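Trainee: I am new to this structure and would like to start with one part of it. Could you take me closely through a strand pairing and then show me what surrounds it?

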Amino acid sequence: GVFAHLEMLESRAYQAAVKQEEREQQEEKLAKLQARVQELRLQRDELRAKVDLQQKRQLGKGGAVSDPAQPSARAVLEWKIKSVKATLQLFYLTGISGKLTKRGVCFCISTAYEGTYLDSYYLDLLAKPEVQIHRHSIPIFIPLEQIAKKYLQTDIRRFLSVLLDHLNAYVGRRYQADQLQEHFSDQIEGTLQRNSLCNLLVFNYAVSSKSKTFPFSVRLLYGDLCCSLPTEVVVSCAPDAPTALAEAAAAHSELFRLMALHKAFRSFSSAEESVD
Amino acid sequence: MDNGTCQVYEDEIQSLEEEIKLLAEKYEDSQQESTFFSEEEILMSKKSFQGEFQGESKGHESPSDLKAQLESLETDLSFLMKFTGIRFTHHSKKTVEKTKNRTVRKHRLSGNCHSLSFQLEFQLLEIQNKEDVSAVITDLSIIMESGEDLDVSKFVSSTEERGDLLTFFRSLSSYAEWYEHRRCTFQHFKVR
């Protein structure tokens with residue numbers, strides 16, 4: 001009786017204490033968070049004001065006339081470092097950038113398709129005893145050794161130029177196939193087959209006109225590895241297809257030869273729309 | 001007082017921290033873009049560090065680190081300019097838009113490749129993806145010194161249309177080399 005009752009009271013008191021402690025911890029946590037929010041809000045508002053003032057000054061509008069104090073030597077050097085870094089980054093846009101290393105130079109080769117920059121690759125060269133490739137991230141299906149054998153020793157600029165042509169063309173072909181799959185997946189039937197070098201593409205597609213769909217199959221071979229347009233195009237339709245379709249196949253074939261894959265699709269997709 | 005309120009505060013903290021980071025970067029960018037120091041000022045700053053007190057506040061690099069860093073960067077730049085033949089004589093940029101994942105900057109760039117000079121203006125959009133940064137050029141405008149040449153102007157306008165800055169530089173480089181080679185050859189024959 002009594003002991004049991006005492007135990008029960010003890011246990012109740014204990015649970016109440018635990019709850020009280022939890023509540024206090026929670027309140028403390030909340031108070032800390034609140035304080036942090038206030039601190040950050042203040043910081044944010046100060047920065048906003050700073051940026052606004054800066055913009056006003058740059059536009060020549062009002063704002064306090066504060067002649068910036070004579071900049072410290074440190075500030076000048078830090079500015080120059082940022083400036084040189086920015087110019088170095090520009091070289092990335094030209095296709096060849098890099099930095100000197102203890103034993104040679106590490107080039108960074110950038111690729112792009114029209115205005116979109118794509119993969120970049122590095123090529124770590126040693127200068128002595130002769131120019132040689134130390135490390136690189138060039139994909140294995142690019143004939144790097146062949147190109148190096150031909151040009152690396154005699155004309156390093158030419159070597160880089162040829163390598164760049166191969167890489168840019170590869171990346172360009174891959175980009176076209178990717179764009180096709182991304183934007184015209186509803187017209188492609190089955191999977192688009194391609195090899196790692198992306199110089200052989202085989203797929204089936206359908207063009208619809210007047211609520212009928214016409215299937216075509218196409219094989220694109222890019223014989224020139226430095227080119228992102230195909231050298232051989234075969235577009236075929238069903239053998240019993242009407243002549244109009246055969247004519248369309250021939251027209252498509254021409255388009256694929258002349259322009260990028262996804263652009264060719266765009267062009268005959270919109271042509272179909274205008275016919276309807 | 002519950003987890004719900006905690007979460008609300010934590011969300012606001014995260015969003016404030018992001019905003020602060022963005023504003024700080026915007027401020028830095030703008031400072032950098034609107035400042036200019038001449039070569040003499042830079043030279044003087046390099047020299048003045050020699051006498052300066054070594055015990056700078058922590059969190060900053062030492063003066064000798066800064067000088068070494070600048071020299072290394074300038075050596076790299078000088079090498080690239082010599083190797084590629086591309087020399088940038090003037091570069092200005094202006095940050096037009098900056099959000100968490102997107103930065104858009106307007107660039108104005110002049111330079112030459114061997115003896116051919118160019119002036120470029122373009123907009124560069126950089127998008128932060130999960131793994132890397134993707135870059136896209138828009139609004140490309142190219143002015144070339146030998147712009148009256150029909151082939152050059154055709155090349156320039158098709159490159160501009162496609163925003164194909166990379167091809168512009170690649171072609172400029174090989175054309176300039178050929179042009180230079182031809183000029184040297186003619187010189188050679190003239191002397192004879």
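**A hairpin and its neighbours**

Mentor: Let us begin in chain B, where strand β3 (residues 116–128) and strand β4 (residues 133–144) run antiparallel and are joined by 10 bridges. This is a predicted model, in which local features need pLDDT of at least 70 and side-chain atom pairs count only at pLDDT 80 or more, while totals for chains, interfaces and linings use all residues. Residues are numbered from 1 along each chain as its sequence is written, chains are lettered from A and ligands numbered from 1 in the order in which they are written, and side-chain values use heavy atoms, with hydrogens and water left out.

A few terms help here. Strands (E, at least two residues) and helices (H or I, at least four) are DSSP runs numbered from the N terminus, and two strands pair if DSSP finds at least two bridges between them. With four residues between them, β3(B) and β4(B) make a hairpin. Look for Leu120(B), which has Ile142(B) of β4(B) opposite it.

Now follow β4(B) towards chain A. Strand β3 of chain A (residues 116–126) also pairs with β4(B), in the antiparallel sense and over two bridges. Thr116(A) stands opposite Val136(B), and Tyr117(A) has Ala135(B) as its bridge partner.

Both ends of β3(A) lead to something worth a look. In the loop between β3 and β4 (132–136) of chain A you will find Pro129(A), joined to Lys128(A) by a cis peptide bond with omega about -5°. In the loop between β2 (104–113) and β3 of chain A sits Glu114(A), whose phi is near 55°, a positive value in a residue other than glycine. Both details stand out because most residues other than glycine have a negative phi, and most peptide bonds are trans.

That strand pairing belongs to a wider meeting of the two chains. In contact (heavy atoms within 4.5 Å) are 59 residues of chain A and 72 residues of chain B. About 6200 Å² is buried between the chains, 71% of it on carbon and sulfur atoms; buried area is the accessible area (1.4 Å probe) that two parts lose on being put together, summed over both. Of what chain A buries against chain B, Arg74(A), Leu77(A) and Trp79(A) supply 13%, more than any other three residues.

Eight salt bridges link chain A and chain B, a salt bridge being a side-chain nitrogen of Lys or Arg within 4 Å of a carboxyl oxygen of Asp or Glu. Arg41(A) forms one with Glu12(B), and their closest N and O atoms are 2.7 Å apart. There are also 18 residue pairs in polar contact between the chains, both residues at pLDDT 80 or more. A polar contact is a pair of N or O atoms within 3.5 Å; within protein, one must be able to donate a hydrogen and the other to accept it, and residues adjacent in sequence count only if both atoms are side-chain atoms.

On the side of chain A that touches chain B, at least two residues each come from α1 (2–58), α2 (73–94), β1 (96–100), β2, β3 and α4. The largest share there, 20 residues, is from α2(A). By class, that side has 28 nonpolar, 17 polar and 14 charged residues. Here Ala, Val, Leu, Ile, Met, Phe, Trp, Tyr, Cys and Pro count as nonpolar, Asp, Glu, Lys and Arg as charged, and the others, Gly among them, as polar.

Let us come back to Glu114(A) for a second role. Glu114(A) forms a salt bridge with Lys263(A), the closest N and O atoms being 2.8 Å apart. To place these two, note that chain A is divided into domain 1 (87–171) and domain 2 (184–272), with bounds that come from an automatic or database domain assignment. One salt bridge is found across the interface of these domains.

Eight residues of domain 1 of chain A are in contact with 10 residues of domain 2 of chain A. These two domains bury about 770 Å² between them, 66% of it on carbon and sulfur atoms. Tyr113(A), Phe141(A) and Ala169(A) give 53% of the area that domain 1 of chain A buries there, more than any other three residues.
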